[in-house]
Amino acid sequence: MRLPKIPSFLISLFFVTILLINMLLACGGSNTSNVTPPGEEKSVKTQTLETGTALLQNEAPLDAINVYMDGFHFHNGDMNRQIEAHHYCTEVNEDLNQCTIYEGNGKNARLMGVEYIVSEKIFKTLPAEEKKLWHSHVFEVKSGQLIAPGIPDVAEHEFMEKLASTYGKTWHTWHTEQPNMNLPLGHPALMMGFTADGQIKPALVQDRDKRFNISTEDKKPGIIHCRRENS
């Protein structure tokens, strides 16, 4: 029996999909959590209910999340309290993004907070006191600290070029970088982004680069460079 001929565009689509999957795997991240909250393990009943709701319920706000970025924050007024932040964002429009922030990118990562990102045009309209709550992204992009893992270099470069002129307002509600912080205790904290060389702890960047198999130094223009193993 002669098998039907597969259209060439489907073959191309298949290989592009495999390539993208490989890129995502090559530029991986953290799959473990820094904290273990109190509570019993999920029962079989709970897991069954979760499976059912995942299949039947509408999750439109989650489906709208279309950007993943990894960067670093520090507590406003305390440069020593620094943490890596995984952003999962929805582009609301050309001038506004809304992001949920996690401590990692694995399924067990804890939700740490939120960030709102606005264009320079919107930022300029804010009152002077309000502007103090926002931080610029220009240094985060130019330093290579902010990355968009798993996408082609060209696309990442274009995305970062747009992001460089934006401003973010970030609140962390679960301070997972602190010891024994197994629940989201205390007050929300206003977070800021780094603005100059020498501010961020080198170990934070080195650990991130190792997990994602990248070089922050190499990608300072805003382009991801995944290193080969043993290079």
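This is a short talk on the strands, the cavity and the pocket of one predicted model.

Let me start with the overall numbers. The protein has 231 residues, and 36% of them count as buried. It contains eight helices and seven strands. The accessible surface is about 14300 Å². Carbon and sulfur atoms hold 59% of that surface. Now the contacts. Take those between residues at least 6 apart in sequence: 62% of them join residues at least 24 apart.

Next, strand β1. How many of its residues are buried? Nine of nine. Look at the two sides in turn. One side carries V67, M69, G71, H73 and H75. The other carries Y68, D70, F72 and F74. Every residue named there is buried, so both faces of β1 are covered. Note that the buried set includes D70, H73 and H75.

What does β1 pair with? One partner is β2, residues 78-93. Nine bridges join these two strands, and they run antiparallel. To find your place on screen, take F72: its bridge partner in β2 is E84. The two strands form a hairpin with two residues between them. In that hairpin, G77 has a positive phi near 90 degrees.

β1 also pairs with β7, again in the antiparallel sense. Here there are two bridges. H75 stands opposite M191 of β7.

Now move to β7 itself, residues 189-192, and cross to β6. Three bridges link β6 and β7, which run antiparallel. A189 in β7 is the residue opposite H172.

β6 spans residues 167-172. Is this strand mostly covered or mostly open? Mostly covered: five of its six residues are buried. β6 has further partners. With β4 it pairs antiparallel, over six bridges. There, E115 has T170 as its bridge partner in β6. With β5, residues 135-136, there are two bridges, and the strands run antiparallel. H135 is matched with G168 in β6.

Keep E115 in mind, and let's go inside.

How many cavities of 30 Å³ or more are there? One. Its volume is about 40 Å³. Which residues line it? The list is M69, H73, H87, E115, I117, H137, E140 and L146. Two elements give two or more residues to this lining: β1, residues 67-75, and β4, residues 111-118. M69 and H73 are on the side of β1 that we went through with V67, G71 and H75. E115 is the residue bridged to T170. By class, the lining has three nonpolar, three polar and two charged residues.

Last stop, the open site. What is the volume of the largest pocket? About 420 Å³. Twelve residues line it. The closest to its centre are E40, E41, K42, N108 and R110. The class split of this lining is three nonpolar, three polar and six charged.

To recap. β1 is buried in nine of nine residues. It pairs with β2 over nine bridges and with β7 over two. β6 pairs with β4, with β5 and with β7. The cavity, about 40 Å³, has H73 and E115 among its lining residues. The largest pocket, about 420 Å³, has six charged residues in its lining.

Methods: Residues are numbered from 1 along each chain as its sequence is written. This is a predicted model: local features need pLDDT of at least 70, side-chain atom pairs count only at pLDDT 80 or more; totals for chains, interfaces and linings use all residues. Side-chain values use heavy atoms; hydrogens and water are left out. On a 1 Å grid over the protein atoms alone, a cavity is a set of points where a 1.4 Å probe fits but cannot get out, and a pocket is an open set with protein on both sides within 12 Å along at least five of seven lines; lining residues have an atom within 4 Å of a point. Grid points are joined across faces, edges and corners, and a volume is the space filled by probe spheres set on the points. Helices (H or I, at least four residues) and strands (E, at least two) are DSSP runs, numbered from the N terminus. Ala, Val, Leu, Ile, Met, Phe, Trp, Tyr, Cys and Pro count as nonpolar, Asp, Glu, Lys and Arg as charged, and the others, Gly among them, as polar. Buried means under 20% relative accessible area, exposed over 50%, partly exposed in between (1.4 Å probe, protein chains only). Contact means heavy atoms within 4.5 Å. Accessible areas come from the Shrake-Rupley method with a 1.4 Å probe; for residues, only the protein chains shown count as cover. Two strands pair if DSSP finds at least two bridges between them.
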